[in-house]
Each structure stands twice: as structure tokens, then as C-alpha cells.
Amino acid sequence: MDFSIKTFDAKNTIAAAKTGCIAVGVFENKKLSQMALALDQKGEITSALKSGDISGKPGSTLLMRSINGAAAERILLVGLGKEEPIADKDLSSALQSITRVFSSLGANDAIVALPFDKAKERDAAWCVRAAVLAARENSYRADILKSKKEPVQGGVKKIAFAVSATAAGVAKEAVAQAVAVANGIDLTKDLSNLPGNVCTPTYLANTAKQLAKDFKLNIEVLDRKQLQALKMGSFLSVTNGSDEPPKFIVLKHMGGKAKDAPTVLVGKGITFDSGGISLKPGAAMDEMKYDMCGAASVLGTFRAIAEMKLKLNVIGVIPSCENMPSGRATKPGDIVTSMSGQTIEVLNTDAEGRLILCDALTYVERFNPAAVVDVATLTGACVTSLGHHNSGLFTRHDKPHDALAEELLAAGKSTGDTAWRMPIEDAYQEQLKSNFADMANIGGSAGGSITAACFLERFTRKYTWAHLDIAGTAWKSGSAKGATGRPVPLLTTFLINRAK
């Protein structure tokens with residue numbers, strides 16, 4: 001799918017544009033947007049509104065053919081709601097409706113001419129990014145392993161966005177960035193949707209190597225012997241029950257100045273989580289292939305920032321393994337020693353994500369990072385707390401950590417890939433006490449997502465750090481089962497803003 005920017009003026013009018021379809025906005029008060037008015041030379045669009053053929057409610061549509069005075073083959077009317085600054089939700093509904101209609105049209109090209117200047121507290125660049133991502137979301141297919149691919153019948157292949165001449169420059173940049181983000185989201189979805197017998201730790205490592213080759217990134221993949229030499233006893237304890245070899249992936253995009261401290265992303269890469277000896281229930285256990293969505297989102301984010309040649313130093317660290325039961329598996333009550341030297345009593349082997357992340361968070365100290373953000377499908381408790389709308393954001397409460405939290409929250413708000421800040425307080429640390437080790441790996445059912453974050457916090461006190469729990473946002477269950485690609489939009493925007 002190709003995207004471009006078009007501008008129109010008195011000489012080059014929207015009415016004279018020869019294209020398969022032009023999408024224009026209408027409002028609930030039966031009023032036309034400026035571009036719709038420019039096409040309504042014979043009053044046909046006004047008549048359609050007055051007759052009630054389209055309500056103007058957000059996302060409502062009406063396809064019209066051969067409008068007098070318009071060179072386009074079709075005009076798609078799209079409802080934008082009330083005539084006032086257009087809310088994000090209403091604009092998103094309109095864009096999603098447009099992409100759905102475009103996907104089944106017998107036209108090769110189309111123009112989206114919505115009143116982006118009327119969007120509430122948004123500019124043309126934001127609107128164009130949202131439109132590109134909506135189109136790419138609609139075109140994504142999870143049929144990599146199907147012997148018969150889903151048929152793609154017709155549909156628009158080239159979409160142009162009509163913007164003012166003054167906004168053309170930033171809109172073109174927005175298209176390039178949005179395509180890069182969409183490519184990163186697609187990679188994240190592809191990796192996440194693959195089954196555990198295909199997407200193993202070795203597969204993730206090979207994917208990272210291919211990214212490094214394609215975009216000239218630096219990469220290092222550590223194997224079991226190297227992890228043993230680093231004394232990553234916590235990470236390795238999770239791998240004991242699996243025949244799949246663990247991989248520790250370090251990917252570097254050094255687009256900034258050599259002296260600049262890097263921003264580090266750490267992604268949980270459990271390619272299948274059976275729970276280990278603390279075996280999960282059988283129902284929906286297949287969805288535990290999604291326990292590597294943190295790793296997949298880090299790789300997707302690197303795909304995006306590498307394509308846009310982001311001028312920032314970014315390092316991705318991905319500890320990856322399976323969590324399986326066997327005669328070699330770690331048992332409840334076992335005590336392991338982390339890379340930091342702190343000992344951990346493993347009370348539940350299904351709380352394994354924190355056991356691999358804690359060693360990764362110790363490892364990244366060597367980079368003297370400007371900030372570290374770990375991303376993990378860490379706890380079902382976060383789903384209970386926040387549902388499927390917001391990722392959980394955890395960090396300490398002081399000036400540098402508050403600033404990092406605000407950066408992440410703002411990036412989430414601007415992309416619709418939202419997060420909600422949760423508490424980390426010393427009172428919750430008390431729940432991790434152990435009679436036999438420095439800490440336990442679980443703190444009971446109360447505040448489960450918070451005590452998990454408190455566990456990780458103990459390994460991050462030498463730098464500025466935040467934790468994103470994406471258990472409720474990384475994938476959907478039921479008939480819509482599949483990866484969402486979150487939080488790639490949040491992470492890429494966070495890094496783009498840092499590069500500025």
C-alpha cells in the first residue's frame with residue numbers, strides 16, 4: 001500500500017482530481033466539510049444529507065457514484081459527528097470506516113480529504129499518521145502459516161491525503177514515520193502470532209540478526225555458557241525444564257552522538273509459558289505463545305526506528321527462553337542467585353518473567369543508560385486492574401522518574417496506545433519478604449502487578465527506570481484472537497520525542 005500527500009488550490013481543485021474515490025467529511029447537523037462543499041457543485045451531496053441517506057454520526061458512510069462536476073469516479077461521505085473540534089475517537093471511527101470501504105472498492109487509488117484542520121488539539125501530521133496506521137491495521141493478515149492464504153479482492157492500493165500547502169512538509173514526514181511504525185507493528189504481530197514450536201528463542205535471535213543485517217545494526221547473542229559465565233542464575237533457572245536453548249539478545253541502534261548515553265529497552269521473551277512446575281490450567285494455555293510480546297515489541301520498535309534512521313542511541317536487550325515442566329525444572333521452594341548477587345526464593349515457577357528480567361536489568365548497568373524501559377506481559381493482575389485499554393506503567397517517585405513517566409504517558413496519549421501510572425511504594429515491598437532468601441518471587445494475590453514491579457525495582461537502582469506491564473494490551477482473546485502490536489506506537493513516539 002502506497003501513501004502520498006496532495007495539495008489543492010484554485011487552479012488544482014479537488015473537483016478536478018481524477019481518482020477512483022474521494023473521501024470527504026459530513027457532520028451530524030447535515031453540514032458539509034469544506035472539501036465536500038467543493039465537490040457538491042450540483043447539490044447532490046446536500047440532497048443525500050437532507051434525505052437522511054447518511055446520519056453524519058462518527059464512522060457512518062455513504063458511497064456515491066458519478067457526482068456531477070467531480071472528476072472522481074466515486075465520492076465517499078464519512079460522518080464526523082458534531083460540527084466542532086473533532087475528537088480523536090470520532091476521527092478514528094471515520095478513518096477506520098474509510099479503510100474498510102477502501103478495502104473492498106474496485107478502485108486502485110483514492111484521496112482522503114477530511115478536515116484535518118478541525119481536529120481537536122491535533123495537527124495534520126497527527127491525523128495523517130493516524131490514517132496510515134488505520135489503513136495498515138485493516139490490511140494486516142495473520143495467515144503466515146495457512147496453506148491457503150485469505151483472498152484479497154480488489155481494494156485501494158494508493159492513498160493520497162489532502163492537506164494545506166503549509167502542512168505538506170510535516171505531512172510527508174508523518175507518512176514516512178507512520179509507514180515505519182506500521183512495519184514495526186506488523187513485525188511485532190507476526191512474531192507474536194507465531195506458535196511456540198516456530199517462534200523459539202533461536203527464532204527470535206535469528207530475527208534480530210536479520211534486522212541487524214538489513215539495517216546495519218550491531219548485534220550480540222549470548223548463549224548458555226556465556227550466561228553461566230555472567231552468573232545469570234535467575235534467568236537460567238527458568239530454562240531448566242526446556243530443551244530449547246536460551247538466547248540473550250543485545251541489539252544496538254547507535255544513531256546519536258557517540259558520547260550520548262543510550263536509552264535501553266528490555267523485552268520479556270518467554271516464547272512459551274506453561275507455568276513450569278506451577279502448571280497453568282489447560283484452558284487458553286495456547287495464548288501463552290504471547291508471553292514474548294515484550295520481546296516482539298522491542299524488535300518491532302527497532303524495525304521502526306532503524307527504517308526512519310532515528311538520531312538516537314537505543315539498545316534493545318531481550319532475555320528469551322521457554323518455561324516448561326520436566327524432571328530438570330526449577331521447583332517451588334528452590335532458591336536461585338541472580339546476576340546482582342541477590343538471592344530469590346522461587347515460590348511459584350509461573351512468576352518467571354521477573355526472574356529473566358531481573359538479570360537483564362542488572363546486565364544493562366554496563367551501558368550507563370540515560371533511561372531503561374522494560375516491557376513485559378508480566379501479570380494477570382494488571383489485566384484485572386486496568387483491563388485491555390491501558391498498559392500499566394510503574395516507576396519510582398522522584399524527579400527523574402516522574403519525568404520519564406510523563407514522557408511515556410504523553411507518548412501513549414498522542415498515539416492512542418495509552419498507559420496508566422500505578423504505584424510503587426515501600427509498603428508493597430514488604431510482601432516480597434522471604435524467611436530463607438533475600439526476597440520471594442511473588443508477594444501474594446493482593447496488588448500482584450505492583451509487587452511484581454517492586455521485585456524488578458530492586459534491580460534497577462543504578463539508573464532511571466520504568467516498567468510497562470502489557471499483559472492486557474498486547475493481544476486479544478476469543479474470536480478476535482491475535483496480537484495488537486502494542487506498545488510499538490508508544491515506544492516509537494517516546495523515542496522520536498527523545499531524539500528531538
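Reader: How do you know that strand 13 and strand 17 pair, and in which sense?

Author: Happy to start there. Strand 13 (residues 343-345) and strand 17 are joined by two bridges in the parallel sense. Pairing requires at least two bridges, so the two strands count as paired. One of the contacts across this pair puts E345 opposite its bridge partner A440 in strand 17. Please keep in mind that this is a predicted model.

Reader: What makes the sheet with strands 12, 13 and 17 an open one, and which strands stand at its edges?

Author: The order in this open sheet is 12-13-17, with mixed pairing. Strand 12 (335-337) and strand 17 (439-440) are the edge strands: each has a single partner strand, so one side of each lacks a neighbour in the sheet.

Reader: Why is strand 8 called mostly covered?

Author: A residue is buried when its relative accessible area is under 20%. In strand 8 (residues 247-254), six of the eight residues are buried, so "mostly covered" is a fair description.

Reader: Which strands pair with strand 8, and how do you know?

Author: Strand 7 (residues 218-222) pairs with strand 8 in the antiparallel sense over five bridges, and strand 11 (residues 313-323) also pairs with strand 8 in the antiparallel sense, over eight bridges. With a threshold of at least two bridges, both pairings therefore qualify. To find them in the structure, look for V221, whose bridge partner in strand 8 is I249, and for H253, which stands opposite V314 in strand 11.

Reader: How do you know whether the radius of gyration of the chain agrees with that of a compact globule?

Author: For 500 residues, a compact globule would have a radius of gyration near 23 Å; the chain has 25 Å, so the two agree. Along the principal axes, the C-alpha atoms fill a box of roughly 85 × 50 × 45 Å.

Reader: What share of the chain is buried, and what share of the contacts joins residues far apart in sequence?

Author: By the cut-off of under 20% relative accessible area, buried residues make up 57% of the 500 residues. Among contacts with a separation of 6 or more, 77% are between residues 24 or more positions apart. The accessible surface comes to about 21100 Å², and carbon and sulfur atoms contribute 50% of that.

Reader: What about charge: how many side chains of each sign are there?

Author: The chain carries 59 positive and 51 negative side chains. The centres of the two sets lie 5 Å apart.

Conventions
Residues are numbered from 1 along each chain as its sequence is written. This is a predicted model: local features need pLDDT of at least 70, side-chain atom pairs count only at pLDDT 80 or more; totals for chains, interfaces and linings use all residues. Side-chain values use heavy atoms; hydrogens and water are left out. The radius of gyration is taken over C-alpha atoms; the globule rule is 2.2 Å times the number of residues to the power 0.38. Buried means under 20% relative accessible area, exposed over 50%, partly exposed in between (1.4 Å probe, protein chains only). Contact means heavy atoms within 4.5 Å. Accessible areas come from the Shrake-Rupley method with a 1.4 Å probe; for residues, only the protein chains shown count as cover. Lys and Arg count as positive and Asp and Glu as negative; His and the chain ends are not counted. The place of a charge is taken as NZ of Lys, CZ of Arg, CG of Asp or CD of Glu. Helices (H or I, at least four residues) and strands (E, at least two) are DSSP runs, numbered from the N terminus.
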